[in-house]
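Hi everyone, thanks for coming. I'd like to walk you through one structure today, so please have a look at it before I start.

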Amino acid sequence: MLGAGVAGLVTAVTALRAGLSVAVYERGPRDFSASAGYKAGGMLAPFCEADGAEADVVDLGLRSMALWPTLHDGVVIRGSLVVAPPRDAAGLARFGRLTEGHEPADAARIGDLEPDLAGRFRSGLFFPGEGHLDPRQTLGALRDQLEAAGVAVRFDWRGDPDAIAAGRIVDARGLGARDRFADLRGVKGEMVVIRSRDVAISRPVRLLHHRHPLYLVPRGEGVYMIGATTVESDVGEAVTVRSAGELLTQAYALHPAFGEAEIIEFNAGLRPAFPGNEPRIVEDGRVIAVNGLYRHGWLIAPALAEDIVARIVGAAPASKKHEVFHADPA
């Protein structure tokens, strides 16, 4: 296994459970701080993603929702809440038309779901089948699970992949695989982590806004990850002043008490993406490459891992439209 991001680790665990012998090689550090998944929100929201993602990505996400609890016991299935201020009511209605798996939430229902948001929004949408996880805790847990089973997970590795003695190699290097995929690009995502002693929110909340939408994901003990930005930029791992201002302003719009929150961290990362923003699984000799998970890595990794392992053991992949994710290596 080349790469110890979300795709690499989930595939390694899936392969191990299928009875395969596994080793993992990662160029980055043991704390995963160089991984795009380390800087992600960790929302498991296949229904909400239908607002902008292709149907095949949504299908992979739905399959993964059933697989995640078998991989990691830190998955929280408490649903997602989508709200909007009155002037963005049309945006909320559009979001509802483009998505499934939701139920209407009036002001009273919003207050029941999230008491600290009571009286702040007139209407919203509740997606009860969605969930979330803490990416950093999950990466560490998957690594520890592999090492506890005797799998060698090598960090800061600078070896030659061609010299690895293995019957099959899974290439899950993300942007490190540009030598394999000429059309792979980076898409910048920016985030802020805050701590609030005044606001308690128990599930991911999306605030729809005509200019600056926002999502907030609870991390426990008053800590929240806030994100929203998707910047077509192949360089830069720092948050811009503009993005920082937008993220914090919209957090304040979600609840004014966030104005007194402590900023723990600003961070940014580059997500690997192909034209069309859909993932690919490509077989080339003994190598199976998976890439282009874009902003859906945590959502779709288990289903992709299941399909990769199926290819290795000679079974049929579960994806109904798997050809969408299989490119001709020629």
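So, how many salt bridges does the count come to? The count comes to 21 salt bridges. Keep in mind that this is a predicted model, and that goes for everything I say from here on.

Let me pick out a few of those pairs. My first example is R295 with E49, whose side chains meet in a salt bridge at 2.8 Å, N to O. This one links distant parts of the chain, with the two residues 246 apart. R295 is in the loop between β15 (287-291) and α8 (297-313), while E49 belongs to helix α2, residues 46-49. Is E49 buried or exposed? E49 counts as buried because its relative accessibility is 8%, under the 20% cut-off. R295, on the other hand, is at 32%, so R295 counts as partly exposed.

Next up, R173 and D171. Their side chains also form a salt bridge, 2.8 Å from N to O. D171 has a relative accessible area of 1%, so D171 is buried. R173 has 25%, so that one is partly exposed. And this pair has company: D171, R173, D179, R180 and D284 are linked in a network of salt bridges. If you're following along on the screen, try colouring those five residues, D171, R173, D179, R180 and D284.

One more pair, K188 and E190. Here the N to O distance is 3.7 Å, and both K188 and E190 are buried.

Staying with lysines, let's look at K39. K39 sits in the loop between β1 and β2, and K39 is buried because its relative accessible area is just 10%, under the 20% cut-off. So what is K39 in contact with, once we leave aside the neighbours within four places in sequence? The list is S33, R136, M191, M225, E237, N267, A268 and G269.

That same stretch brings me to the backbone. F32 is in the loop between β1 (23-25) and β2 (43-44), and its phi is near 70°, a positive value in a residue other than glycine. Why point that out? Because most residues other than glycine have a negative phi. F32 is at 5% relative accessibility, so F32 counts as buried.

N277 also has a positive phi, near 60°. You'll find N277 in the loop between β13 (262-273) and β14 (280-284). At 21% relative accessibility, N277 counts as partly exposed, because buried means under 20%.

Okay, helices. Where α1 (residues 6-17) meets α6 (residues 135-148), the two axes come within 10 Å and cross at roughly 35°. The crossing is left-handed. Which residues meet there? From α1 we have V6, L9, V10, A12, V13, L16 and R17. From α6 the partners are L139, L142, R143, Q145 and L146.

Last stop, the surface. L248, I263 and F266 make up a nonpolar patch there, and together they have about 240 Å² of accessible area. L248 comes from helix α7, residues 241-254. With a relative accessible area of 30%, L248 is partly exposed, because that value falls between the 20% and 50% cut-offs.

That's my tour. Happy to put any of these spots back on the screen.

Conventions. Residues are numbered from 1 along each chain as its sequence is written. This is a predicted model: local features need pLDDT of at least 70, side-chain atom pairs count only at pLDDT 80 or more; totals for chains, interfaces and linings use all residues. Side-chain values use heavy atoms; hydrogens and water are left out. Patches are made of residues with over 30% relative accessible area and no salt bridge: like charges are joined within 9 Å, nonpolar side chains (Val, Leu, Ile, Met, Phe, Trp, Tyr) within 5 Å. Accessible areas come from the Shrake-Rupley method with a 1.4 Å probe; for residues, only the protein chains shown count as cover. A salt bridge is a side-chain nitrogen of Lys or Arg within 4 Å of a carboxyl oxygen of Asp or Glu. Helices (H or I, at least four residues) and strands (E, at least two) are DSSP runs, numbered from the N terminus. Buried means under 20% relative accessible area, exposed over 50%, partly exposed in between (1.4 Å probe, protein chains only). Axes are lines fitted to C-alpha atoms, for helices over the stretch in contact, and angles run from 0 to 180 degrees between N-to-C directions. A crossing is left-handed if the near helix is turned anticlockwise from the far one by less than a right angle, and right-handed if clockwise. Contact means heavy atoms within 4.5 Å.
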